[in-house]
Amino acid sequence: MTNKEVTSKQAAQSASKTLSSAATGAASKSAAASALSQRQAPDKTTSSAAATAASKTLRDGRTSTDSKSAAGSALAQKGSARES
């Protein structure tokens with residue numbers, strides 16, 4: 001089953017801010033890049049590596065709101081392992 005989700009404009013803007021910040025860690029940038037790459041691409045899904053990075057980003061208490069927004073968007077587009 002194909003993923004029908006795309007990254008919202010607000011989440012894409014958050015992802016862009018995350019990617020341009022020098023203070024942002026690698027996990028946050030990975031999740032943000034995944035979310036941004038799915039802005040207008042409903043056929044793309046988040047990779048396992050990017051989903052792991054997004055999960056790590058969401059669990060880190062030091063993460064900015066923009067990074068968490070992008071990470072949440074990336075996870076929402078992961079798809080289920082049970083889908084076929």
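**Figure 1. Surroundings of A70 in helix α4 of the predicted model.** In this predicted model, A70 has a relative accessibility of 0% and therefore counts as buried, the limit for that class being under 20%. The residue belongs to helix α4, which runs over residues 65-76. When residues up to four places away in sequence are set aside, A70 touches A11, S14, A15, A31, A32 and A35. For one of these partners, S14, the C-alpha atom is separated from that of A70 by 5.9 Å, although the two residues are 56 residues apart along the chain.

**Figure 2. The salt bridge between D60 and R62.** The view is centred on D60 and R62, whose closest N and O atoms are 3.0 Å apart, and the structure holds 1 salt bridge. How exposed are the two partners, D60 and R62? D60 has a relative accessibility of 24% and so counts as partly exposed, since that class begins where the buried class, under 20%, ends. R62, at 74% relative accessibility, counts as exposed because its value is over 50%.

**Figure 3. A41 and T45 in the loop between α2 and α3.** The loop shown here joins α2 (26-37) to α3 (48-59) and contains T45, and A41 is found in the loop between these helices as well. A41 is buried, with a relative accessible area of 11%, whereas T45 is partly exposed, its relative accessible area being 44%. Leaving out neighbours within four places in sequence, A41 is in contact with E5 and V6. Two C-alpha separations can be read alongside these values: A41 and Q13, 28 residues apart along the chain, are separated by 16 Å, and T45 and K29, 16 residues apart along the chain, are separated by 17 Å.

**Figure 4. G79 in the segment after α4.** Which class of accessibility does G79, located in the segment after α4, fall into? With a relative accessibility of 38%, G79 counts as partly exposed, because this value lies between the limits of 20% and 50%. From C-alpha to C-alpha, G79 and E5 are 9.2 Å apart in space, while 74 residues separate them in sequence. E5 is also one of the residues in contact with A41.

**Figure 5. The whole chain as the setting for the close-up views.** The chain contains 4 helices and 0 strands, and its pattern, read along the sequence, is α-α-α-α. Its radius of gyration is 12 Å, close to the 12 Å that the globule rule gives for 84 residues, so the chain is as compact as a globular protein of that length. Along the principal axes, the C-alpha trace spans about 40 × 25 × 15 Å. Of the 84 residues, 35% count as buried, and among contacts with a separation of 6 or more, 65% are made by residues 24 or more positions apart. The accessible surface amounts to about 5000 Å², of which carbon and sulfur atoms account for 50%. As for charge, the chain carries 12 positive and 5 negative charges, and the mean positions of these two sets are 5 Å apart.

Note on methods. Residues numbered from 1 in each chain as written. Predicted model: local features only at pLDDT ≥ 70, side-chain atom pairs only at ≥ 80, totals over all residues. Heavy atoms only, no water. Helix = DSSP H or I, 4+ residues; strand = E, 2+ residues; numbered from the N terminus. Buried < 20%, exposed > 50% of the residue type's maximum accessible area, 1.4 Å probe, protein only. Contact = heavy atoms within 4.5 Å. Salt bridge = Lys/Arg side-chain N within 4 Å of Asp/Glu carboxyl O. Rg over C-alpha atoms; globule rule 2.2 N^0.38 Å. Areas by Shrake-Rupley, 256 points an atom, 1.4 Å probe, with all protein chains shown as cover. Lys, Arg positive; Asp, Glu negative; His and termini not counted. Charge placed at Lys NZ, Arg CZ, Asp CG, Glu CD.
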